[in-house]
Protein chains: 4
Amino acid sequence: MTHKIAILGASGYTGAELVRLIATHPAMEIVALSGERKAGMAMAEVFPHLRHLGLPVLTKIEDMDFSGVDLAFCALPHATSQAVIKDLPRDLKVVDLSADFRLRDPAEYEKWYGQPHAAVDLQKTAVYGLTEFYRDEIRAARLVAGTGCNAATGQYAIRPLIEAGVIDLDEIILDLKAGVSGAGRSLKENLLHAELSGGTHPYSAGGAHRHLGEFDQEFSKVAGRPVRIRFTPHLMPFNRGILATVYVKGDAPAIHAALADRYAAETFLEVLPFGALPSTRSIAGSNFVHIGVIADRLPGRTLVVAALDNLAKGSSGQAIQNANLMLGIEETAGLMLAPLFP
Amino acid sequence: MTHKIAILGASGYTGAELVRLIATHPAMEIVALSGERKAGMAMAEVFPHLRHLGLPVLTKIEDMDFSGVDLAFCALPHATSQAVIKDLPRDLKVVDLSADFRLRDPAEYEKWYGQPHAAVDLQKTAVYGLTEFYRDEIRAARLVAGTGCNAATGQYAIRPLIEAGVIDLDEIILDLKAGVSGAGRSLKENLLHAELSGGTHPYSAGGAHRHLGEFDQEFSKVAGRPVRIRFTPHLMPFNRGILATVYVKGDAPAIHAALADRYAAETFLEVLPFGALPSTRSIAGSNFVHIGVIADRLPGRTLVVAALDNLAKGSSGQAIQNANLMLGIEETAGLMLAPLFP
Amino acid sequence: MTHKIAILGASGYTGAELVRLIATHPAMEIVALSGERKAGMAMAEVFPHLRHLGLPVLTKIEDMDFSGVDLAFCALPHATSQAVIKDLPRDLKVVDLSADFRLRDPAEYEKWYGQPHAAVDLQKTAVYGLTEFYRDEIRAARLVAGTGCNAATGQYAIRPLIEAGVIDLDEIILDLKAGVSGAGRSLKENLLHAELSGGTHPYSAGGAHRHLGEFDQEFSKVAGRPVRIRFTPHLMPFNRGILATVYVKGDAPAIHAALADRYAAETFLEVLPFGALPSTRSIAGSNFVHIGVIADRLPGRTLVVAALDNLAKGSSGQAIQNANLMLGIEETAGLMLAPLFP
Amino acid sequence: MTHKIAILGASGYTGAELVRLIATHPAMEIVALSGERKAGMAMAEVFPHLRHLGLPVLTKIEDMDFSGVDLAFCALPHATSQAVIKDLPRDLKVVDLSADFRLRDPAEYEKWYGQPHAAVDLQKTAVYGLTEFYRDEIRAARLVAGTGCNAATGQYAIRPLIEAGVIDLDEIILDLKAGVSGAGRSLKENLLHAELSGGTHPYSAGGAHRHLGEFDQEFSKVAGRPVRIRFTPHLMPFNRGILATVYVKGDAPAIHAALADRYAAETFLEVLPFGALPSTRSIAGSNFVHIGVIADRLPGRTLVVAALDNLAKGSSGQAIQNANLMLGIEETAGLMLAPLFP
């Protein structure tokens, strides 16, 4: 059975990644695509790499017909997303890739995003989309909120350690290296090739990055008490991939065991042998997450490193994995593509 | 029905690309992998991006058992390949990715590769693997010789123009931009990141590049008289993709029509609208070829530009497409993956 | 003696490159900087790599005081430049880096730039800034028009061949690879790192690139009859450097000799030994041009390849070289910096 | 007065960087160059970007004549360096860029480098080359040991904080991002463009990196008690630049003040305004170090970030700065080149 899919916001990178993945998905068919500024254009013009696919022309959202559509992916900008989703048909399943429904507490939302939420009721019903930790809720959900890509990477590395009680909760440091596609297709000087290539720098440092709202919410929930981490993202001169380097206090073998146990049954989460550490190159283009653990020379201190593709497992791949659950499709359908290397 | 596949030379880039593509191929199963210097290692060690696959350990070729194997891909270095293939079981179908069986004339082989061929009899039986032009012969072949990746790109742009008689055969210039993975995984100073990134340079210029042997052979065959092109490859600071910029004399609309007609029924060959030109980014990671034509301001002069992925359609994707034909599988099976962008 | 310098348009790449080069120039001192949108900002904010220099704050042009200024570099956008320069004090020497004064014929200007020239009188007095070919005129000029960066590269390779009469004037093809900084700091989707890195594509192909106006003007002037070349630029995934691959008909040794003779006394023009070809990496960050010649396997056909840094010798380095002449300073002053590699 | 300089090991990146910097140095002249495997070659062949310089041909060390040479830079591989330097004339000043003389304790040397030191007497006399902290000793030294490039970056960020007593000595974490030229010109698979570009990964993690020997030695010396930091370097897909992200416990304004005070009189050390953080792009190609400090949202926790160019201030620029001191030249001579951006 083929499920009919709409993608709102198909002219950005996460939208294009959804199309790329659905192109070989055995049970999804794209029936509608929106792109406000590019309405009326063929996807082949907006993304020439998708020109071999027979895709609908981009339309405005107001001109979309959702009858017969089983599920909509919403890859719109933050704030726009909540305004759009609240007016969608109530029987339409929705996977949102924006930040709009990730935080459950409206006050937290306002704190991190600088404005009150415009769809507080909906916000309450949204399920947080970290698949391996919310699988049952996602299966039953009408609205799933995709996680931040950095937030996903950090949680895959840290969350099982909090669950297992094997680390000091007050001494968690996350130094993160983020590929530039995570910043989207927006026209900013610092995203130009001439500015970005050939170097690196930290951004939103010192506790300013919005994904901290997700870390605070989720880690505190798991721990049953407030957990606040230190988090420094760095912008990387490559397009895909996030590397999370996590400094924790705790016993390295116990930490490795906690991760290996937690993910033993998970298709997309690969815990490397103790002492081996991942590279973003080994997961680029795929839905896989690689996690490694090594002991520090200083006793009781451990390094955990996780890598995922921000556009795939960090957003669009995750979205499809969640949509598979929501539609009753095999969870891994369309997502077993091997990484692209070199 | 699943066909059993062996890959000889699985520790190089074309070997890894074969594994990547077969990973989601519906009718192929890898049963044996060789890697001389890395025999005994798991593929997860050699190529961590393939660690999620249940793959055989790398062995030496002499230790391989070919009983039950339907087809072997041979991704060995030039010269090694002919020595190995001549000793393989005669009922084993073989797709060779090296240069060893591309040239039909032993004298031409010796001229371009600097030594006599060690398997002249086999060489005579090999079919040249440019699928869209040798489909019937490939279907019936036991041994198919994969084309050079540059040679494929140039031929996709030029060959139909010779067939259609729409260009001056004495005035063909091919300026080619080649991604570095085409140089393989060999340890050479000029392939280091510190040397290669941030710039470009021509190599094997002036008529020295070995793929000219293929151009000479094929274009002359099609034209029924000697055709000699000028060819300058440039090494590019990116990993995947070849762009062929072809300067010809002939009527631009007629040239566009010749290409559009020739490839109208071909799944992997996309001729862009007249005046549009391709980018390597739009085909990376896929088996697609994009071709564009534009008229020059000078009457009677035309630019043809073709782009393909050297590891996919330029070698391993092409190899699988040919193997599909040889095994009676749907020609496009396993090859419909969309390009990866960004 | 130190000459006082103003830079109009210091917030773009050519402006920053002027500052970088003047930073170690023995006889120039920057006394004023303009930047319309960034007026009031310190250069350290706009270009942190220049923060160690004691530079004037950016102002608006209308607020600049030109008394005591010996020479102004004008690094403004095309069209803006002519409007500004026509109102500058007449005793102020000016080196313009825009396209506004490159073409001597107002009709040609209008043809290539789509609008009538706003300062036709000034245009007539401007000297074309290809230093090695207009040295005496530049020395005496009040207004020098910097060449296009692609135009400079192509002319260094081709111009001496026309002078020497060693090539067929109707069969010149220039395939050019241009680093992205040549496109400036403008916010365009195709200049984003995520779009540009990892591949290449042609642009302004078929005779549409504006630098053809310069080639037409200069080559025809040298030849004494119309010369029209074919020219295809390609956008490269690196920041600095242009490689011009030139296909000509003519005797290779004679062509090499023509170049070697013409540039024998030139500090910045290095003709490589016959058969050797340049790389953009070998000139990046410097004012040097490397040129190589190789014979094709086809008799009478020759490849000429030239490399220069678009921001240095292609614009800001050239501008300083010309300013040195105009101010009576040693021509090479401040320009002997070695290329940066790796 | 011009000082005569020899460079041993001129065919590697630090050797080439020495030549690049000396090319515009007002008081140094290169009179001899060695390169074992490339003896007999001109530098223009080994490093075409240096072809405009009139340089001596590469020789073997055993064929070098040191009479009249004032100072030798030794850019040889680790272990080779000590064997060579112990046989150099005793009146020849030497700046060593290898790791051989950095550690004062022979036991520490053996622990980190896996073999006993071959020149223990010399080792005792060597001065550690972190200029701003050993200026007087360097001025008087015959043999200066250049620091590790990572070790320099980390020390510039951390050392003044230990001196000033403003951080918790038991909670220092250094997450470092290192450009690939720091790995040298050696032929390793992971340094190939096809392997390295497009991603990142940690290496020598968990306390295995040899530069920890330097951190241990220097930080413990300054603190007057053992200091052991956690240190994770990551290999970056760019050529020049190191970014040190340092997580400390201490008051952010006090930390900023300690750095600003310590470096107030230093030409090459730029402490950014409080809250601003550096980028490697802003120092590439130069001898400058940029350092920034930001407070974390968690009270009492502070982020310090430092950036320098590994080939310049991290090795060859540092070496020249030290040589200037040893030869009685102005300390900044030849080193005021502005960074190259973009």
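Helix α7 (residues 149–164) of chain B lies across six strands, namely β8, β10, β11 (242–249), β12, β13 (289–295) and β14 (301–308) of chain B, and runs at about 35° to β11(B). Here helices (H or I, at least four residues) and strands (E, at least two) are DSSP runs numbered from the N terminus, and axes are lines fitted to C-alpha atoms, for helices over the stretch in contact, with angles running from 0 to 180 degrees between N-to-C directions. The model is a predicted one, in which local features need pLDDT of at least 70 and side-chain atom pairs count only at pLDDT 80 or more, whereas totals for chains, interfaces and linings use all residues. Residues are numbered from 1 along each chain as its sequence is written, while chains are lettered from A and ligands numbered from 1 in the order in which they are written.

In chain B, an open sheet of seven strands follows the order β9-β10-β8-β11-β14-β13-β12, with mixed pairing; two strands are taken to pair if DSSP finds at least two bridges between them. The edges are formed by β9 (201–202) and β12 (269–271) of chain B, each of which pairs on one side only. Within this sheet, strand β8 (residues 173–179) and strand β10 (residues 230–236) of chain B run parallel and are joined by seven bridges, and G179(B) has M236(B) as its bridge partner in β10(B).

A further open sheet, in chain A, consists of seven strands in the order β3-β2-β1-β4-β5-β7-β6, and its pairing is parallel. Because β3 (58–59) and β6 (127–128) of chain A stand at the edges with a single partner strand each, one side of each is left without a neighbour in the sheet. Strand β2 (residues 28–34) of chain A pairs with β3(A) in the parallel sense over two bridges, and L58(A) is the bridge partner of L33(A) in β3(A). Helix α1(A) packs on the sheet, where it touches β1 (3–8), β2 and β4 (71–74) of chain A, and its direction makes about 160° with that of β1(A).

The domain assignment, whose bounds come from an automatic or database source, divides chain A into domain 1 (3–147 + 313–327) and domain 2 (149–309). The centres of domain 1 and domain 2 of chain A, taken over C-alpha atoms, are separated by 24 Å. The contact between them takes 19 residues from domain 1 of chain A and 22 residues from domain 2 of chain A, two residues being in contact if their C-beta atoms, placed from the backbone, lie within 7 Å. On the domain 1 side, the elements that give two or more residues are α4 (106–113) and α11 (312–327) of chain A, and the largest share, six residues, comes from α11(A). By class, this side of domain 1 of chain A has seven nonpolar, seven polar and five charged residues, where Ala, Val, Leu, Ile, Met, Phe, Trp, Tyr, Cys and Pro count as nonpolar, Asp, Glu, Lys and Arg as charged, and the others, Gly among them, as polar.

Helix packing was examined in chains A and D. Helix α7 (residues 149–164) of chain A packs against helix α9 (residues 211–223) of chain A at an angle of about 20°, with the axes 10 Å apart, which makes α7(A) roughly parallel to α9(A). The residues of this contact divide into seven nonpolar, four polar and four charged; among those of α7(A) are I158(A) and I162(A), which belong to the set meeting residues of α9(A) that include F215(A) and F219(A). In chain D, the axes of helix α1 (residues 13–22) and helix α11 (residues 312–327) come within 9 Å and cross at roughly 50°, and α1(D) is therefore oblique to α11(D). For these descriptions, angles under 35 degrees count as roughly parallel, over 145 as roughly antiparallel, 65 to 115 as roughly perpendicular and the rest as oblique. The contact of α1(D) with α11(D) comprises five nonpolar, four polar and one charged residue.

Between chains, 39 residues of chain A are in contact with 39 residues of chain D. Elements giving two or more residues to the chain A side include β8 (173–179), α8 (193–196) and β10 (230–236) of chain A, and β10(A) gives the most, with four residues. The residues on this side of chain A divide into 18 nonpolar, twelve polar and nine charged.
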